Amino acid sequence: MVNKGSKLHYREAYGKYMARKRFVILVLIALLLGVALFSITAGSAGLTLGEVFRTFMGTGTAQAQAIVWNVRLPRILTAIVVGGALALAGCVMQSVLRNPLASSSTLGISHGAAFGAAIAIVYFSAGSQHNAAGSGAISITNPYLVTACAFMGGMISVFVILVLSRIKTVTPAAMVLAGVALSSLFRGGVALVQYFADDVALASAVYWTFGDLGRTSWHEIGLILIILGPTFVYFMFNSWSYNGIQSGSQTARSLGIHVDQLIIVSMVLAALLAASAVSFVGIIDFVGLVAPHMVRKFVGSDYRFLLPASMLAGACILLLSDLCSRTIIAPIVLPIGAITSFLGAPLFIYLIYKGAKK
């Protein structure tokens, strides 16, 4: 029988446990706001904080208004929603597949989405190239078609992964190897699409695969948010179920969790999140893998906190990566996909090394 003193002790310990996790999330929010504010001022135009503040208040110069509202703010918000979406999708995949190496990039979902988006851009004229300042930039003229094709491409990988995990029990490492094979398959498909495309379509498709946060408009940011918002609510509503799955499928079923249904719905929604992000900005690897592992050390494996913390960490990582890509050799903007790969590949190798030691 638990006495009153023990109850107070447990209640106090639980209060500290919850307060520590909430503090981590508040720190991440403050970090995200700080990096976002700094990103608005960073760039060749050299805006000061005062000029940015006056622009938000509606009293800035016409030049500052154009730079902030038409260039920098859409780019920063794109980094936040895309980074958050990829990290949230990776966190949920790692939970339902019980695989710490799972993410949209390691399971082949991002490359499947890229294949679908490339078909929409090249064969259905869903993207157009414009040579502003010699950049050869591409804009998405039909975001609905690109997102739908990217989603279907990503779902092919999801279907294969689910079949492997449900019908044929495979190890986490084998699942990632299957993702590598699927990624290779889709890269071959993209190469074929590019090979038979005309010069303009080829240039558009190649430029699109580099990854670029500057090609989105407010309309496309809104579309990603429309998918991200309800998906985040669904994942948070099932956060206790994700905690239960960590103890094993049988234990989760004994707790009344509909494991099979939860896995399928969660994987489909995670694939939709990743596909919507990839379809607008191109391939961005490893954010979905890195962010959950970084914050897990601070908030543990309680998905009530791990999900929002991962989303905030993913947004911070992509925002910092974008800042690096714009400032390392300014005014040249490096491909954001290359920056995130340099960040994520060493961590991926570390995770494999750590798993091999167990």
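The dialogue below goes through two helices and one loop residue.

Modeller: This is a predicted model, in which local features need pLDDT of at least 70 and side-chain atom pairs count only at pLDDT 80 or more, while totals for chains, interfaces and linings use all residues. Residues are numbered from 1 along each chain as its sequence is written, and side-chain values use heavy atoms, leaving out hydrogens and water.

Biologist: How do you know that the span of helix 11 agrees with its number of residues?

Modeller: Helices are DSSP runs of H or I with at least four residues, numbered from the N terminus. The expected span is 1.5 Å times one less than the number of residues. Helix 11 (residues 259-281) has 23 residues, so 33 Å is expected; its end C-alpha atoms are 33 Å apart, which agrees.

Biologist: Where does helix 3 have a kink?

Modeller: At Arg72, shortly before Pro74, with an angle of about 35 degrees. The bend at a residue is the angle between axes fitted to the seven residues ending there and the seven starting there.

Biologist: Why is Asp302 called buried?

Modeller: Buried means under 20% relative accessible area, exposed over 50%, and partly exposed in between, with a 1.4 Å probe and protein chains only. Asp302 has 8%, so it is buried.

Biologist: What makes Tyr17 a contact of Asp302?

Modeller: Contact means heavy atoms within 4.5 Å. Leaving aside neighbours within four places in sequence, Asp302 is in contact with Tyr17 and Asn243.

Biologist: Where does Asp302 lie?

Modeller: In the loop between helix 12 (287-299) and helix 13 (303-327).

Note on methods. Helices (H or I, at least four residues) and strands (E, at least two) are DSSP runs, numbered from the N terminus.
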